[in-house]
Amino acid sequence: MADRNRLDSDDAPAQVLNWPQPVEAVVSSGLAFDRVADADEREALRENCGLISVSRMETHFTVKPWRKTGYSVIGRVTADVEQACVVSLEPVSQRVDEEVSVKFVPLREAEKWVQAPDEDGEIVVDVEADDPPDFFEGNAIDLGALAAEYFALGLDPYPRAPGVSFEAAVEAEEVGEDERRKPFAGLKDMMKARDGES
């Protein structure tokens with residue numbers, strides 16, 4: 001199962017799938033939520049995640065009541081996509097296949113799930129404990145946001161065309177990071193040159 005912490009807030013997918021599931025429709029035996037992304041939704045995912053194409057994206061969830069007021073969502077997100085090779089920019093076909101298991105509770109109960117700091121002011125995290133639940137507002141769980149998140153998590157962060165070495169891919173990523181850190185490097189050099197001429 002994917003590590004949800006791998007996506008920080010800047011990388012999290014935008015709201016591109018409008019798939020709310022009203023909780024009043026969830027029965028004790030569970031509710032099947034099966035959705036195939038249409039052309040517009042696939043295009044939104046493609047654009048949001050910087051892909052070449054998304055030819056298929058499917059979500060198959062089962063939503064069940066959990067504890068008194070919560071809900072569990074288990075299932076899979078699968079897709080067929082094309083990404084650009086990080087070295088050659090050639091199209092690389094990829095398969096997304098992510099297992100999903102997330103609990104949701106109403107936002108009004110958030111305080112129950114916030115871990116209090118210890119006497120030293122630190123929050124001790126038990127790595128063996130279950131993940132805390134997500135929260136939902138109103139009377140519906142945003143299964144579109146959940147599906148889009150796991151779609152993004154399932155993408156290869158370093159897609160490589162056949163024959164491209166991992167070392168070359170890492171070097172290309174490091175060069176890209178350096179360039180992103182210095183977006184105004186050229187402007188700085190131009191200003192130095194101008195100041196030297198005056």
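Thr 78 sits in strand E4, which covers residues 70-84. The model you are looking at is predicted. Is Thr 78 buried or exposed? Its relative accessibility is 14%, so Thr 78 counts as buried, the cut-off for that label being under 20%. The side chain of Thr 78 reaches the side chain of Arg 56 through a polar contact of 2.9 Å. Leaving aside residues up to four places away in sequence, Thr 78 touches Arg 56, Met 57, Glu 58, Val 96 and Asp 97.

Met 57, one of those neighbours, is a good place to go next. With residues up to four places away again left out, the residues that Met 57 touches include Leu 17, Trp 19, Val 36, Leu 45, Val 77, Ala 147 and Phe 151, along with Thr 78 itself.

Met 57 also leads us into the largest nonpolar core, which has 32 residues. Which of its members touch the most other members? They are Met 57, Phe 61, Val 77, Leu 143, Leu 146 and Phe 151. At least two residues of this core come from each of strand E2 (31-36), E3, E4, E5 and helix H3 (143-153). Helix H3 gives the largest share, with seven residues.

Now to the way the strands are arranged. E2 and E3 run antiparallel and are joined by six bridges; here Val 36 has Glu 58 in E3 as its bridge partner. E3 also pairs with E4, again in the antiparallel sense, over 13 bridges. In this pairing, Thr 59 stands opposite Val 77 of E4. Together E3 and E4 make a hairpin with three residues between them, and Arg 67 is in the turn.

Arg 67 is worth a pause, and so is Leu 89. Most residues other than glycine have a negative phi, yet Arg 67 has a positive one, and so does Leu 89. Here are the two side by side:

| Residue | Loop | Phi | Relative accessible area |
|---|---|---|---|
| Arg 67 | between E3 (53-66) and E4 | near 55° | 62% |
| Leu 89 | between E4 and E5 (91-106) | near 65° | 60% |

Are these two loop residues buried or exposed? Arg 67 is exposed, because its relative accessible area is 62% and the exposed label applies over 50%. Leu 89, at 60%, is exposed as well.

Notes:
Residues numbered from 1 in each chain as written. Predicted model: local features only at pLDDT ≥ 70, side-chain atom pairs only at ≥ 80, totals over all residues. Heavy atoms only, no water. Helix = DSSP H or I, 4+ residues; strand = E, 2+ residues; numbered from the N terminus. Buried < 20%, exposed > 50% of the residue type's maximum accessible area, 1.4 Å probe, protein only. Polar contact = N/O pair within 3.5 Å; in protein donor to acceptor, adjacent residues only side chain to side chain. Contact = heavy atoms within 4.5 Å. Core = buried A, V, L, I, M, F, W, Y, C linked by side-chain atoms within 4.5 Å. Pairing = 2+ DSSP bridges.
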